[in-house]
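Reader: I am new to this structure and would love a close look at a single part of it. Could you pick one helix and walk me through what surrounds it?

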Amino acid sequence: MAKWKVTVDQDACTGSGMCLGVAPGHFEFGPDRRSRPRAELIHPDDAAASAAECCPMAAITIADADSGRQLVPEPAE
């Protein structure tokens, strides 16, 4: 089964918490009040994808774990 790699850019994250509201099972606050993934590798999940799409700082990226191809947000061509 496919796996996704979830990454949060700590330099871009402002700790808005939107990702925790949309996908609390996939994100948590670290000690610095910035978001981080609960697990680096996850099964494909609509809530995690929605969290990446709604991040106001575009700090969350989701890639295919095998190929490394960025899935969310979709890369610009």
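Author: Happily! Let's take α2, which lies across β1, β4, β5 and β6 and runs at about 135° to β5. That angle is taken between N-to-C directions on a scale from 0 to 180 degrees, with axes as lines fitted to C-alpha atoms, for helices over the stretch in contact. Helices (H or I, at least four residues) and strands (E, at least two) are DSSP runs, numbered from the N terminus.

A word on the source: this is a predicted model, in which local features need pLDDT of at least 70 and side-chain atom pairs count only at pLDDT 80 or more, while totals for chains, interfaces and linings use all residues. Residues are numbered from 1 along each chain as its sequence is written, and side-chain values use heavy atoms, with hydrogens and water left out.

Now to the helix itself. In α2, which spans residues 46–54, the buried residues are A48, A49, A51 and A52. Seen down the axis of α2, these buried residues fall within an arc of 155°, so they line one face of the helix. The arc is that of the directions from the helix axis to the C-beta atoms. Buried here means under 20% relative accessible area, exposed means over 50%, and partly exposed is in between (1.4 Å probe, protein chains only). On the face of α2 turned away from the buried side you will find the exposed residues D46 and E53. A general point helps here: an α-helix has 3.6 residues a turn, so residues three or four places apart point the same way.

The N-terminal end of α2 is capped by D45, with a side-chain oxygen 2.9 Å from the backbone nitrogen of A47. (A polar contact is a pair of N or O atoms within 3.5 Å; within protein, one must be able to donate a hydrogen and the other to accept it, and residues adjacent in sequence count only if both atoms are side-chain atoms.)

What covers the buried side? The cover over the buried residues of α2 includes β1 (4–8), α1 (18–22), β2 (27–29), β4 (41–42), β5 (60–64) and β6 (70–72). Contact means heavy atoms within 4.5 Å. Four strands, in the order β4-β1-β5-β6, make an open sheet with antiparallel pairing. Its edge strands, β4 and β6, each pair on one side only. Two strands pair if DSSP finds at least two bridges between them; β5 and β6 are joined by two bridges, and A63 stands opposite Q70 in β6.

Next, the interior. The largest nonpolar core has 18 residues, and W4, V6, V8, F27, I60, I62 and V72 touch the most other members. Elements giving two or more residues to this core are β1, α2, β5 and β6, and α2 supplies the largest share, four residues. A nonpolar core is a set of buried Ala, Val, Leu, Ile, Met, Phe, Trp, Tyr and Cys residues joined through side-chain atoms within 4.5 Å. Not counting residues up to four places away in sequence, I60 touches V6, T7, V8, C19, F27, A51, A52, C55, V72 and P73.

Finally, a stop at the loop between α1 and β2, where H26 is found. H26 counts as buried, at 18% relative accessibility. Beyond residues up to four places away in sequence, H26 touches R36, P37, R38, I42, D45 and A48. P24 lies in the loop between α1 and β2 too, but P24 is partly exposed, with a relative accessible area of 48%.
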